[in-house]
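Open the model in a viewer and keep the selection panel at hand. The stops below go from a sheet to an interface and then to a single chain.

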Amino acid sequence: MLLTRAACIVVLAGGCVWPGGDDAPSDCDLTGDLDAEIVFADQLGTVARVADQPNVPLISAPQGGHILLIGARVRATVTSCSVEVNAALRDPATSRVIGLEQRPVTIASHGTEWAGPPPMIGLSDIANVAVCPSAAISTSIDAHPYQVEVRVDVAGLAIAHATATITPTCNDTYCHMDCSPAGN
Amino acid sequence: MRSLMLVMILAAGCGDDSSTDPWILPDLTPAEGLSIRTPEFDVAQGEELQDCYFFTVPAGGGDLMVDRISLALNTGSHHMNVFRVKTIKALDPAHGEAVDLGGVQGTVVHGATDLECWKSANWSDWPLITNSQQSAATEQILDWNLPHDVATRLTAGETLMLQVHYVNATDQVTPFAGRAGANFYRSTDGDTQELGTLFATQQSIRVCRSNPKPTYSGTCAMPAGDHTVVAANGHFHSRGRRFQIWSWDGVSTTRPGDQERFYDSTDWAEPDMKLDLATSLPNPGGIWWSCDYQWSEPAEGCAAVDERDPQHANDCCYTFGPKVETSEHCNVFVYYYPKITNGNVTCF
C-alpha cells in the first residue's frame with residue numbers, strides 16, 4: 001500500500017498522463033511485444049510468479065464467490081505505468097474461458113528489470129478473475145489444471161502476452177463446493 | 001404519510017403535476033397470481049435506505065408459473081431486486097420483524113439497523129428472479145410481458161426476498177415516500193419454456209481522482225445449449241457513464257465487435273431495461289460486459305469515500321459498495337430462455 005501511494009505521488013509530480021484518463025499519471029512509452037511473466041496474489045496480497053508456484057489460491061471475494069488474483073510483469077524499466085491487464089482462465093479440455101476480467105492497473109519496476117505490481121497489493125491492484133461459481137464447468141476448478149492467459153495493453157495496444165498452466169486451489173470446504181459443477 | 005403526501009401535492013400546485021400521483025397496481029387474486037406491496041416509508045433528507053423483505057410463495061396451488069411481471073416504485077428508488085432465498089448466511093429472514101406485504105405475511109430486515117441487508121455476500125447464491133431500476137415520476141411501473149411460451153417459475157413454498165433501495169440525497173432524491181410493489185401474473189396458456197436469469201458483478205472496482213476514467217470489463221459464461229436473451233439492464237452509480245453488454249463466443253479474450261452488442265446505456269439513475277430483445281447467444285457462449293466511469297468530486301467531500309476505501313489510498317476512490325453516494329457498482333442483469341437445467345448463472 002505504501003509503495004502504491006509513493007509511486008502515485010512520484011508520478012503525479014512528474015505531470016504525466018494515464019491512458020485511461022486525462023489526469024492520470026504514466027510514463028508508459030512501452031510498445032512492441034515485451035517478455036512477460038504471469039503473477040498472482042494470495043489472500044494476504046503477497047505477489048508471486050506462477051512459474052515458482054503453480055498452485056494458485058482461490059480467494060473468497062468480498063462480493064461472494066471465489067476469484068483468482070492474476071496479473072503480469074513485463075520486462076521493462078518504468079517508474080510507474082498505467083496499463084490494462086486482461087486475465088482469463090481457460091479450460092484446456094474444452095477451450096472455453098471460464099472467467100475473464102480486464103481492468104486498469106499500475107505497474108512499476110521497483111528497482112528490477114521487470115515492471116509489475118508491487119510485492120504487496122490490494123484487491124483492486126490486480127485482475128479479479130471470477131471463476132466460482134461457474135455454470136460453464138463440467139469438472140471442479142479446485143485442484144485441476146487450467147490455463148491462465150494474460151494480455152497487457154497500453155492505450156489499447158497489446159504490449160505483452162503470457163500463458164501458463166496453473167492449478168487453482170481451495171483452502172476450505174465451502175470453496176471446494178462453490179468451485180464444483182454442483183456449486184452452481 | 002398519505003395525508004402528508006396530499007398536502008405536499010396540493011402545495012405544489014393542486015395536483016397539476018401528474019408526476020405526484022402514486023402508482024397503482026391491481027391486487028391479484030390467487031387465481032390471477034401473487035401481489036406484494038411494501039408499506040410506505042419515509043426517506044429522510046440525506047438518507048439512503050435499503051430494506052430486505054421476505055415472503056413465501058403460497059404453497060396451496062402448486063408452482064406459480066408467471067408470464068407477466070409488474071414492478072412498481074415510488075420516485076426516488078435506486079433499485080428493487082427479487083431473489084430466491086437459498087443459503088442463509090448473516091441475512092436471516094427469521095431475524096426480521098413481521099410485516100404485512102399487502103395481504104402476504106412476511107418479515108423485513110431494515111438495513112438501517114441491520115447492515116447485513118447491505119452486504120451482497122449474504123445473497124451470493126440467491127438466484128435473481130427480477131429487478132427494476134425504474135422509478136421516474138412518469139414511469140413508476142415496469143410492466144413486462146414475457147415472450148410467447150416463456151414463463152418464470154415461483155416454486156410453491158419457496159422464500160423470496162424483495163430488496164428495495166431508496167436514496168434522498170445528492171445523487172438521487174425521494175420527493176415523498178418510498179414504496180414498492182410487485183405483481184406476478186399467473187400464466188394460463190401452458191407456457192413450455194422457463195425463464196432463466198444471469199446476474200454478474202465486477203469485483204473490487206475502483207474509481208479514483210488520480211485515474212478518473214477507468215473501464216472494467218468481464219465475462220460470464222453460459223453452459224452449452226441454445227439460449228436467447230430477452231431482457232437486460234445494467235447497474236452502476238452516478239460515476240457510471242456507459243454500460244454495455246455483448247454476446248460473447250465463450251473463447252475469445254478480446255471484446256466482441258459492435259454488431260454483437262445488445263445493450264448500451266448511458267443513464268445511471270434510470271438505466272434502460274431492454275424488454276424487447278431476441279438475442280441468440282453463441283453455443284457455447286455467454287456475455288461480455290463493461291462499465292465506463294468518470295470520477296467526480298463527492299458533494300460532501302472525500303472523507304466518507306476515503307474512509308471506506310479498503311486500501312486507504314487517500315485518493316478519493318469510489319470502491320465497490322451499495323451506497324449510491326460513496327461507492328460504485330458494475331452489475332449486470334440478463335434474462336434468457338430456456339433456463340439451464342443445472343442451476344443458475346451467476347458470475348462474481
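Begin with the sheet. In this predicted model, nine strands form an open sheet with mixed pairing, and their order is E3(A)-E11(A)-E10(A)-E6(A)-E7(A)-E15(B)-E20(B)-E17(B)-E18(B). Select the two edges next: strand E3 (55-57) of chain A and strand E18 (261-265) of chain B. Each of these has a single partner strand, so one side of each is left without a neighbour in the sheet. Looking across the sheet from one strand to the next, the twist averages 25°.

Now move to the place where the sheet passes between chains. Select E7(A) and strand E15 (residues 215-221) of chain B, which pair in the antiparallel sense over two bridges. Which residue of E15(B) is the bridge partner of A:Gln102? Show side chains for B:Ser217, which is that partner.

Stay in the sheet and go further into chain B. Strand E17 (residues 240-248) and strand E20 (residues 286-293), both of chain B, pair in the antiparallel sense over eight bridges. To find one position in this pairing, select B:Phe243; its bridge partner in E20(B) is B:Cys291.

Return to the two chains and select the residues where they meet. Here 42 residues of chain A are in contact with 37 residues of chain B. On the chain A side, the elements that give two or more residues are helix H1 (2-14), strand E6 (81-90), strand E7 (97-107), strand E9 (127-132) and strand E10 (146-154). Which of them gives the largest share? Colour E7(A), which supplies eight residues. Colouring the chain A side by class gives 19 nonpolar, 16 polar and seven charged residues.

For the last stop, hide chain A and show chain B as a cartoon. Its secondary structure comes to two helices and 24 strands. The radius of gyration of chain B is 20 Å, close to the 20 Å that the globule rule gives for 348 residues, so this chain is as compact as a globular protein of that length. Turn chain B along its principal axes: the C-alpha trace spans about 55 × 55 × 40 Å. Colour the chain by burial, and buried residues make up 52% of its 348 residues. Finally, display the contacts in chain B with a separation of 6 or more; residues 24 or more positions apart account for 83% of them.

How values were computed:
Residues numbered from 1 in each chain as written. Chains lettered and ligands numbered in written order. Predicted model: local features only at pLDDT ≥ 70, side-chain atom pairs only at ≥ 80, totals over all residues. Contact = placed C-beta atoms within 7 Å. Helix = DSSP H or I, 4+ residues; strand = E, 2+ residues; numbered from the N terminus. Nonpolar A, V, L, I, M, F, W, Y, C, P; charged D, E, K, R; others polar. Pairing = 2+ DSSP bridges. Rg over C-alpha atoms; globule rule 2.2 N^0.38 Å. Buried ≥ 20, exposed ≤ 12 C-beta atoms within 10 Å, placed from the backbone. Axes fitted to C-alpha atoms, helices over the stretch in contact; angles between N-to-C directions.
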